[in-house]
Each structure stands twice: as structure tokens, then as C-alpha cells.
Amino acid sequence: MYLCDTYAEEKMKYFALVDCNSFYASCEKVFRPDLAERPVVVLSNNDGCIIARSSEAKALGIKMGEPYYKRNNFFIRNGIEVFSANFTLYGDLSNRVMQVLSGFSPDIEVYSIDEAFLDLTGFKNLTDYAKQIKISVERKTHIPVSIGLGTTKTLAKLANYLAKKHKIGGGCYFLEDMTQAVKKHGSILVNEVWGIGNKNAKKLNRRGVYTVEDFMKLPEKWVYKEMTVVGLRIYRELHGKPCIPLETNISDKKAIMTSRSFGKPLDKLSDIEDALCTFGANAAEKLRKQASCTSLITIFLETNIFKVYDPQYKKSITIKLPMPTDSTLVINQYASYALKKIYKEGFFYKKTGIILTDLSSKNAQQSMLFIKHDTVKHDKLMAVCDRLNGKYRRNLVKTALEGTKKSFKMRQESKSKAYTTKWSDIPVVKAV
Amino acid sequence: MTLIPLKPNEFFSEKTDCKIPFFVTPIMAGFPSPANDFLEQRVSADELLIENPASTYFFKVQGDSMEKSGILHDDIIVVDSAAKAFNNAVVVASVDNDFTLKRIIKKGGKYFLKADSFDDRYKTIQNANFKVWGVCTYVIHTLKKK
């Protein structure tokens with residue numbers, strides 16, 4: 001029985017972890033040459049807290065996750081440029097980075113919006129190759145990246161962390177020898193290792209293990225017993241034995257959820273219904289993208305739990321559909337019906353959402369003779385809607401239930417333009 | 001959390017549970033086109049203008065300092081950051097915190113950014129003060145009535 005899936009191959013494997021430096025902030029600088037060396041921060045949805053800081057902003061002591069409203073004078077005084085999150089832009093720039101990276105290795109795992117693992121087994125002169133990758137990405141996408149190299153994914157990720165923290169190798173670092181690395185750059189805390197979260201870190205600390213070097217000296221049996229096979233994989237990977245394969249296929253989601261907090265608290269049913277149906281349309285679109293149908297819809301509604309002096313109300317409801325569907329019209333019909341069952345007058349609500357579960361493949365649907373709606377007609381209608389919304393603008397074509405007022409819209413005071421996705425927003429070049 | 005079954009008996013009968021094939025797509029009747037075997041994809045502007053999708057961007061031109069090159073105010077240019085700049089290439093460069101459109105010239109081992117207009121009022125920029133952002137590969141000019 002295998003405790004972990006070590007590779008049976010004798011050939012040495014090599015991995016690179018490429019990640020973008022201060023990704024969202026860097027995206028905001030791409031089309032703004034005037035912000036090249038200036039401090040930039042990006043705020044979360046609803047302009048709540050800071051979710052990205054450029055290196056200059058970090059140097060000014062701004063912390064990740066800091067709420068913005070508390071210190072906005074500080075931002076003005078220090079000339080810090082503030083942006084509301086522009087995910088449309090970030091998504092497109094991320095796709096470009098990944099496209100460029102995929103030209104450097106046949107095996108790439110897109111790990112997050114700004115990170116990817118590359119399998120570089122068989123490539124020669126890895127550090128030089130990594131430098132080439134870095135130069136290529138920066139030139140083509142204008143996004144700076146850091147690259148960590150190692151014989152396992154865990155080591156590559158750790159190498160990337162060291163490259164960033166100690167600014168070694170000009171942003172590219174090959175972690176070949178842990179002892180050498182520690183000697184040169186100092187001890188590495190065990191919390192910095194990919195996969196070791198706070199809970200496990202505390203457990204290790206209680207046993208007197210604070211650094212990676214100490215962790216690597218522990219007996220394997222102890223690691224397996226206290227941290228399960230997941231911990232054992234990390235342990236073996238740190239020792240240079242690859243156990244975690246590259247995940248190149250994106251698996252279909254088993255549940256789809258769309259929910260948002262409202263820009264301002266809402267108490268009217270019609271406003272909340274507007275929001276819920278917009279989220280329903282969004283969730284249905286995601287559903288159709290992976291060719292699935294849903295049979296179970298959950299709706300939830302809640303007040304602001306942080307406003308402790310306001311009356312609180314939190315309720316959810318689940319509806320089982322008579323037959324699986326991927327139609328926005330059907331989903332929103334039931335969502336509306338469900339909302340009316342849980343909505344209560346006299347409360348100021350902060351958030352609502354819809355969750356679609358019990359997903360099945362669209363291709364495996366059997367027709368029913370007694371359905372109330374015409375599936376073929378809905379399919380055609382949904383296909384047209386998806387095409388129009390994708391080509392022209394998000395939410396261009398909506399169902400009546402989604403409303404037109406949009407009183408629940410997010411606060412996005414300073415969002416940058418959609419430089420690469422809207423003709424009206426393309427950057428301007430001066431011929432003067 | 002409340003679970004509501006929506007009157008399943010309305011749709012199912014416990015007695016009849018057999019599956020009958022249901023043809024959803026209509027079957028075309030009539031004469032097939034003689035061109036069917038020879039159909040090809042139409043030419044696409046994207047294919048022509050965008051050689052490297054990951055590094056291609058569109059810019060709007062403001063000003064007329066590049067008129068002599070056939071690039072006019074309000075034109076849209078296709079810029080490729082992957083393309084290699086060559087002597088006299090039209091490039092988008094970042095100069096003085098702004099994007100500028102110029103031709104890049106190599107003279108005596110040094111690089112200069114020059115305008116391309118019919119008069120001489122635009123200045124030339126020297127090496128140290130600029131960075132090439134991308135090479136302009138195509139210009140799109142509207143001839144429609146305004």
C-alpha cells in the first residue's frame with residue numbers, strides 16, 4: 001500500500017513556480033506609465049479592504065487586508081494611488097501571462113489567478129531558462145514575475161518565497177540545497193511552507209519545531225501520525241522526493257455559488273429580488289459553461305452581522321427541482337419563489353446568494369413528457385443570451401426579474417478602465 | 001434550512017416509468033448544397049492583425065505627429081509587445097509618464113525617437129529618456145462618413 005504517490009521514475013524531476021509580483025497592483029500599472037514607481041493599492045469588492053499593494057506601498061507600511069476607510073487621509077498625504085478591484089482587467093492579463101508561460105513547457109498547472117507550476121523536467125540550464133521566462137513574460141505582458149525552482153512543487157514554491165523575500169537571483173532562485181540556503185539566507189519558519197497552515201504550525205511549535213530545518217529532522221512516522229498523509233507528502237517533497245503531481249485538468253465544479261454583499265443595506269423585497277436574480281443569471285451562466293444542469297437550489301439571505309446593535313436575521317432555504325435545468329428563466333423563477341418564503345419585512349439585509357447543487361451532465365438528460373417549459377426553446381434562448389453577453393457586455397441581455405434599477409450594485413468608486421476588453425476603454429497613445 | 005419538494009406526483013406516475021426516445025432536432029428534407037464539401041472558414045481580421053494574441057494590444061491615437069506614416073488622429077493601432085523593434089519601426093514608448101507614438105531610429109550607436117509629420121515642429125527624444133512598450137504592426141483607419 002502506498003502512503004503517498006512517489007514517482008517510480010528514476011529521472012530527476014524539476015518544477016518551477018512562477019508567480020506575479022503584487023499582481024492586481026501590477027495590472028493597474030500596465031497601462032499607466034505615470035504610476036511606474038509609485039505606491040499603488042487595490043481595494044476589495046465594495047471598496048472595503050486592501051487586497052493588493054505594490055512594493056512601494058508595502059514599503060510605506062500598508063498591510064494586507066487593512067480596511068481602507070480607517071486611513072484614507074494617510075493615503076492622500078502619501079500620494080498613494082487607490083483603485084477599486086477591476087477583475088475584468090485582471091482576468092484578461094492573467095490569461096495572457098498563462099498563455100506566455102504555456103509556451104515554455106508542455107505541462108503547466110494554473111494554480112491561481114497569478115501563479116502557475118511548470119514541469120521543467122528535461123530542460124537544461126534551468127536558472128538561465130527561468131531568467132528567459134521572466135524576461136519574456138515581462139516584455140509581453142508588462143507584469144513582473146518571480147520564479148522559484150526545485151525538484152518538487154513544494155521546494156519550487158519555497159524557492160519562489162525566498163526569491164521574493166531576499167530578492168535573490170534577480171527574481172529567479174533554484175533551491176537545490178536546503179542546508180546551503182539556510183546557511184546563506186537564514187532559517188525559514190515552518191509556517192512559510194506550502195501546505196502547512198496555522199493549525200499544523202502550532203502543533204509543530206508545541207513539539208519545539210519552528211523552522212523548516214527542524215521539521216525535516218522529524219521522524220517520518222511522527223509526521224504521518226500527527227499530520228496525516230498530506231503532511232507526509234509535504235515532508236517528503238521537502239526532502240526532494242516529488243509526491244504531488246501537476247494538475248493539468250480543471251475538473252468541473254460540483255456546486256456553483258454566486259453571492260455578493262450589497263453596496264448599501266436593502267430592505268425592499270423587489271430590490272433584493274433584483275440582486276438575487278442577477279446572481280441567479282450569473283450562476284446559470286457558469287452552469288452552462290461546464291455543460292451541467294442543477295436539481296437543487298439553495299437561497300440565503302442575511303443581515304449585517306457586524307452591526308451588533310441592529311436586529312439580526314439569517315435564513316436559507318433549499319428547493320428540489322422536478323427536473324434538472326440549466327435555464328436562467330427556470331432557476332430565477334424558483335429563486336424568486338424561494339426568496340418570498342424566507343424574506344421578512346423590517347430588516348436591513350446585507351447579503352444574498354444562490355447555490356446550485358446536485359449537478360448532472362447536460363448530455364445525460366432524459367426528456368420528460370410532462371414538463372411545463374419547452375427545453376429546446378430555452379436552450380436556444382440561453383445560447384443566444386450567452387453569446388450576446390460574452391460578445392458585447394456582461395449582463396447586456398437580462399430577464400425581467402433581474403430588474404434594471406440595480407440598487408444593490410457594489411461600491412466601486414475608483415475602478416480603472418477595461419483597457420483590453422472594451423473598445424471605448426482602450427488606452428490612448430499621444431502622437432504629439 | 002427548509003426542504004420543499006415541489007409536488008412530485010404532478011410529474012411522475014409510479015406506474016409508467018419507461019423511457020421513450022425523444023427526437024429533439026428536426027430532420028432536414030430537400031436538396032443539399034453542392035458547396036458543402038468545399039466550405040472553408042472565412043478570412044478573419046483577427047487572424048491577419050493579431051499574430052501573438054497574448055502580447056497584442058489596441059491603442060487609440062490622439063494627435064497628428066505621425067501623419068506622414070499614414071497614422072492619423074483617432075486611428076486605432078495594433079501594438080505587439082513581443083515583436084522585435086527594427087530601425088525606423090513605429091513604436092509605442094513610455095516617455096515622461098505617458099505613452100507616445102514615434103519612429104525609433106538607430107544612429108551612431110544611439111537610439112532616438114522621431115515623429116513623422118509633414119512639418120518639423122515635433123522634437124526628437126534621446127536614448128536615456130524612453131522605454132519601448134511595443135511595436136505598432138497595423139493601423140486601422142475609418143473611412144466611414146462621420
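This is a short chat about a predicted model and its chain A.

User: Before we start, what are the ground rules for this model?
Analyst: It's a predicted model, where local features need pLDDT of at least 70, side-chain atom pairs count only at pLDDT 80 or more, and totals for chains, interfaces and linings use all residues. Residues are numbered from 1 along each chain as its sequence is written, chains are lettered from A and ligands numbered from 1 in the order written, and side-chain values use heavy atoms, leaving out hydrogens and water.

User: OK, what's the mean pLDDT of chain A?
Analyst: The mean is 87, and 88% of the residues in chain A reach 70 or more. pLDDT is the predictor's confidence in each residue, from 0 to 100.

User: And where does pLDDT stay under 50?
Analyst: Over residues 1–5 of chain A, for which the model has 10 contacts beyond four places in sequence. Contact means heavy atoms within 4.5 Å. Where pLDDT is low, don't read the predicted coordinates in detail.

User: New topic: how many disulfides are there over all chains?
Analyst: The search of the whole structure finds 0. A disulfide here is a pair of cysteine sulfur atoms within 2.5 Å.

User: Why no bond for A:Cys49?
Analyst: Because the closest cysteine sulfur, in A:Cys27, is 19 Å from the sulfur of A:Cys49, which is too far.

User: Is A:Cys49 buried or exposed?
Analyst: A:Cys49 is partly exposed, at 29% relative accessibility. Buried means under 20% relative accessible area, exposed over 50%, and partly exposed in between, with a 1.4 Å probe and protein chains only.

User: What about B:Cys136?
Analyst: B:Cys136 is buried, at 13%.
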